[in-house]
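Me: I want the reasoning behind the labels, not just the labels. Take me through the charged pairs and then the whole chain.

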Amino acid sequence: MDPNRQIRMVYYYTTPPGRAVGEVTKKLRESISEMLNGFPTVTGRLLKNDQGQWMIKCNDAGVRLMEARAKGSVEGWLRRTDREKELLLVHWEDMYYKPYFWSTFYVQLTEFEEGGLAIGLSCTHLLVDPPSTAMFIKAWADITLGGKMLTPPLFQPLPLPKPGNKNTNHQTYTALIDCYKTSIQNPTPDMAKQHATVTFRFTYEMVQSCIAMAKTGGAPDDSSLTPFEALAGLFWVCVSKIKGGGNGTLTNMSVSVDMRETLGLDKGFFGNCMAYHEVPAWECLGDQNGLSEATSAIGEAVKKMENRRILDLIERLEGDNFESYLVSTISGQDLICAKLDNEVSNSTIFEDCYDLIRVSCYIEPVLGEGQVLILRSPPGRGRVDSAG
């Protein structure tokens with residue numbers, strides 16, 4: 001995986017009137033210094049071992065922290081912002097020719113002169129996934145607000161099947177493995193290709209309407225569609241209509257899902273734990289708009305990502321060149337739809353009077369046919385936006 005492949009997140013907060021500019025950033029500088037004591041891999045630097053594989057040297061080199069000021073209010077900024085403006089709030093530097101001096105994490109604090117705060121975090125995808133970046137921000141907020149991390153990070157390798165528990169009659173599930181191998185064998189897409197970024201906000205009523213539309217197309221009465229399946233199906237069908245030129249076929253798509261719960265890992269697991277599964281497009285051409293069968297196929301693909309099958313995948317990747325296979329998770333030709341609906345917490349609050357009103361997430365650069373990031377709004381707080 002290219003270390004320059006990055007995750008960028010921006011958290012927007014309203015702030016109470018009367019606070020001097022610079023007061024809050026001073027407090028946040030102090031709390032992040034305390035919080036980083038629990039994140040040794042974040043403050044380390046990348047090196048390559050004797051086998052040419054990336055490793056992190058925990059040397060307490062620290063993270064890069066920038067401070068900025070912006071005119072106007074945070075609400076005014078959000079009314080007129082776009083991708084280019086938003087990325088000004090989250091600093092990033094590509095790897096130097098000497099990686100030992102390159103920070104893998106960057107934090108930017110932007111105070112708005114007329115009220116509001118933006119906290120930008122960027123980091124290399126080589127080390128962590130989006131849920132881990134959200135965990136980092138949450139731990140920082142916990143330290144700032146209460147002086148204690150409620151969910152400390154857990155650093156451990158991904159699990160492998162226990163030798164004593166192996167079933168000699170077990171048939172390895174090859175669909176996941178084949179998805180990764182096929183992507184590895186395909187040429188890497190042109191990273192210079194430009195992708196437009198569009199953000200959509202769905203209310204609860206809109207999501208329920210989408211689920212109802214999917215069920216009316218012939219889905220079984222006992223089916224239980226999730227918001228992710230319904231929205232992923234909706235985007236899959238709409239993108240396919242544009243990409244396919246109206247020929248009635250669906251573009252190739254893979255779903256990306258967090259496997260922490262499936263693998264029985266602690267929710268504090270810090271690293272990369274998202275798996276990809278291709279969704280068979282040829283099964284999704286039955287009803288008039290394709291939504292019902294698209295959502296059904298997505299649901300079936302997610303169900304197939306069960307514990308034993310994910311362990312098969314990890315075992316196979318550990319047996320081969322694990323680092324090279326990781327490239328397939330981000331450089332395939334498919335449209336990627338990522339399930340990030342547990343990423344943002346309503347309790348990511350740095351002070352009682354600071355309200356979280358929006359979170360934006362980017363995974364850059366966008367490759368292949370593009371990506372759809374589906375996040376969930378914190379209840380009663382505002383909205384969470386996807387970008388892709």
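Me: What makes arginine 308 and aspartate 312 a salt bridge?
Reply: This is a predicted model. In it, the closest N and O atoms of arginine 308 and aspartate 312 are 2.7 Å apart. The cut-off is within 4 Å, so the pair counts as a salt bridge.

Me: How are arginine 308 and aspartate 312 placed in helix α9?
Reply: They are four residues apart in helix α9 (residues 307-319), so about one helical turn separates them.

Me: Is aspartate 312 called buried or exposed, and why?
Reply: Buried. Its relative accessible area is 4%. Buried means under 20%, so aspartate 312 qualifies. Arginine 308 has 24% relative accessibility. That value lies between 20% and 50%, so arginine 308 is partly exposed.

Me: Which residues do shared salt-bridge partners join into one network?
Reply: Arg83, Glu84 and Glu364.

Me: What makes lysine 138 and aspartate 142 a salt bridge?
Reply: The closest N and O atoms of lysine 138 and aspartate 142 are 2.8 Å apart. That is within 4 Å, so the rule is met. Both residues sit in helix α4 (residues 130-146), four residues apart, so the separation is about one helical turn.

Me: Why do lysine 138 and aspartate 142 get the labels they have?
Reply: Lysine 138 has 16% relative accessibility. Aspartate 142 has 8%. The cut-off for buried is under 20%. So lysine 138 counts as buried, and so does aspartate 142.

Me: How do you know that glutamate 67 forms a salt bridge with arginine 29?
Reply: The closest N and O atoms are 2.4 Å apart. The limit is 4 Å, so the pair passes.

Me: Where in the chain do glutamate 67 and arginine 29 lie?
Reply: Glutamate 67 is in strand β4 (residues 64-70) and arginine 29 is in helix α1 (residues 23-35). They are 38 residues apart, and the pair links distant parts of the chain.

Me: Why is glutamate 67 called partly exposed?
Reply: Its relative accessibility is 35%. That falls between 20% and 50%, so the label fits. Arginine 29, at 34%, is partly exposed by that rule too.

Me: How many salt bridges does the rule give?
Reply: The count comes to 13.

Me: What does the whole protein look like in numbers?
Reply: It has eleven helices and twelve strands. Of its 388 residues, 50% are buried. Among contacts between residues at least 6 apart in sequence, 78% join residues at least 24 apart. The protein exposes about 18400 Å², and carbon and sulfur atoms supply 51% of it.

How values were computed
Residues are numbered from 1 along each chain as its sequence is written. This is a predicted model: local features need pLDDT of at least 70, side-chain atom pairs count only at pLDDT 80 or more; totals for chains, interfaces and linings use all residues. Side-chain values use heavy atoms; hydrogens and water are left out. Helices (H or I, at least four residues) and strands (E, at least two) are DSSP runs, numbered from the N terminus. Buried means under 20% relative accessible area, exposed over 50%, partly exposed in between (1.4 Å probe, protein chains only). Contact means heavy atoms within 4.5 Å. Accessible areas come from the Shrake-Rupley method with a 1.4 Å probe; for residues, only the protein chains shown count as cover. A salt bridge is a side-chain nitrogen of Lys or Arg within 4 Å of a carboxyl oxygen of Asp or Glu.
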